[in-house]
Amino acid sequence: MTKREMYEQRTEEILAPIIEEHEFELVDVEYVKEGGTWYLRAYIDKPGGITIDDCETVSRRLSDILDEKDYIEDAYILEVSSPGLGRPLRKEKDFKRSLGEEVELRTYRMIEKRKEFTGILRSYDEKTVTIEEEEGGMRTFEKSDIALIRLAFDF
């Protein structure tokens, strides 16, 4: 397990009782470096959407515990936010929740002269994702070929 994965896992463990107490959902935790600065991000959600007050409540509680446990070696910025409309499907619960929904999918390499696909998420397993395209055809992708998959949203 990498240092990054360990930080994310410990943070998820710390967040679990806070999230449960408020009946939120922990969507994801990530520890990433952007522009020379480390960020510890927690994405939370609830039916009807997360408010700024919800983020503040979780952030304050999490920050206090992180200060007490002090297991992250680097200086970092803590962010707690909603996953937003364009949140990627990463975990099994994301795929499960999105079955029957329209998704956008981008691949690392060209498949039949394109890298972007849209369709209804019909099935998934550990290695593959199957969508039903607008034309009615089913298309299965290896997860290792998928750069991004997220719910489609129209404006």
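**Salt bridges, a charged patch and a nonpolar core**

Colleague: What is the relative accessible area of glutamate 104?

Modeller: Glutamate 104 counts as partly exposed, a class that lies between buried (under 20% relative accessible area) and exposed (over 50%), with a 1.4 Å probe and protein chains only. The coordinates are a predicted model, in which local features need pLDDT of at least 70, side-chain atom pairs count only at pLDDT 80 or more, and totals for chains, interfaces and linings use all residues. Residues are numbered from 1 along each chain as its sequence is written, and side-chain values use heavy atoms, with hydrogens and water left out. For glutamate 104 the relative accessible area is 24%.

Colleague: Which residue forms a salt bridge with glutamate 104?

Modeller: A salt bridge here is a side-chain nitrogen of Lys or Arg within 4 Å of a carboxyl oxygen of Asp or Glu, and in this pair the closest N and O atoms are 3.0 Å apart. Glutamate 104 lies in strand β4 (residues 102-111) and its partner in strand β8 (residues 146-151), so that distant parts of the chain, 46 residues apart, are linked, helices (H or I, at least four residues) and strands (E, at least two) being DSSP runs numbered from the N terminus. The partner has 18% relative accessibility and therefore counts as buried; this is arginine 150.

Colleague: How many residues apart in sequence are arginine 109 and aspartate 145?

Modeller: Arginine 109 is partly exposed at 46%, whereas aspartate 145 is buried at 18%. The closest N and O atoms of their salt bridge are 3.4 Å apart. Arginine 109 belongs to strand β4 and aspartate 145 to the loop between β7 (138-142) and β8, so the pair ties together parts whose separation in sequence, in residues, is 36.

Colleague: In which helix is the salt-bridge partner of glutamate 25?

Modeller: Glutamate 25 is partly exposed, with 22% relative accessibility, and arginine 97 is partly exposed at 37%. The closest N and O atoms of this salt bridge are 2.7 Å apart. The pair joins distant parts of the chain, 72 residues apart, with glutamate 25 in strand β1 (residues 25-34) and arginine 97 in helix α3 (residues 92-98).

Colleague: Which residue of the negative surface patch has a positive phi?

Modeller: The patch is formed by Asp64, Asp67, Glu68 and Asp70; patches take residues with over 30% relative accessible area and no salt bridge, joining like charges within 9 Å and nonpolar side chains (Val, Leu, Ile, Met, Phe, Trp, Tyr) within 5 Å. Glutamate 68 sits in helix α2 (residues 52-69) and is exposed at 62%. The residue asked for is in the loop between α2 and β3 (76-81), is exposed at 58% relative accessibility, and has a phi near 50°, a positive value in a residue other than glycine: aspartate 70.

Colleague: Which element gives the most residues to the largest nonpolar core?

Modeller: A nonpolar core is a set of buried Ala, Val, Leu, Ile, Met, Phe, Trp, Tyr and Cys residues joined through side-chain atoms within 4.5 Å. The largest has 20 residues, and those with the most contacts inside it are Leu15, Ile19, Ile44, Val58 and Val80. At least two residues each come from α1 (3-22), β1, β2 (37-45) and α2. With five residues, the element that gives the most is α1.

Definitions and conventions. Accessible areas come from the Shrake-Rupley method with a 1.4 Å probe; for residues, only the protein chains shown count as cover. Lys and Arg count as positive and Asp and Glu as negative; His and the chain ends are not counted. The place of a charge is taken as NZ of Lys, CZ of Arg, CG of Asp or CD of Glu.
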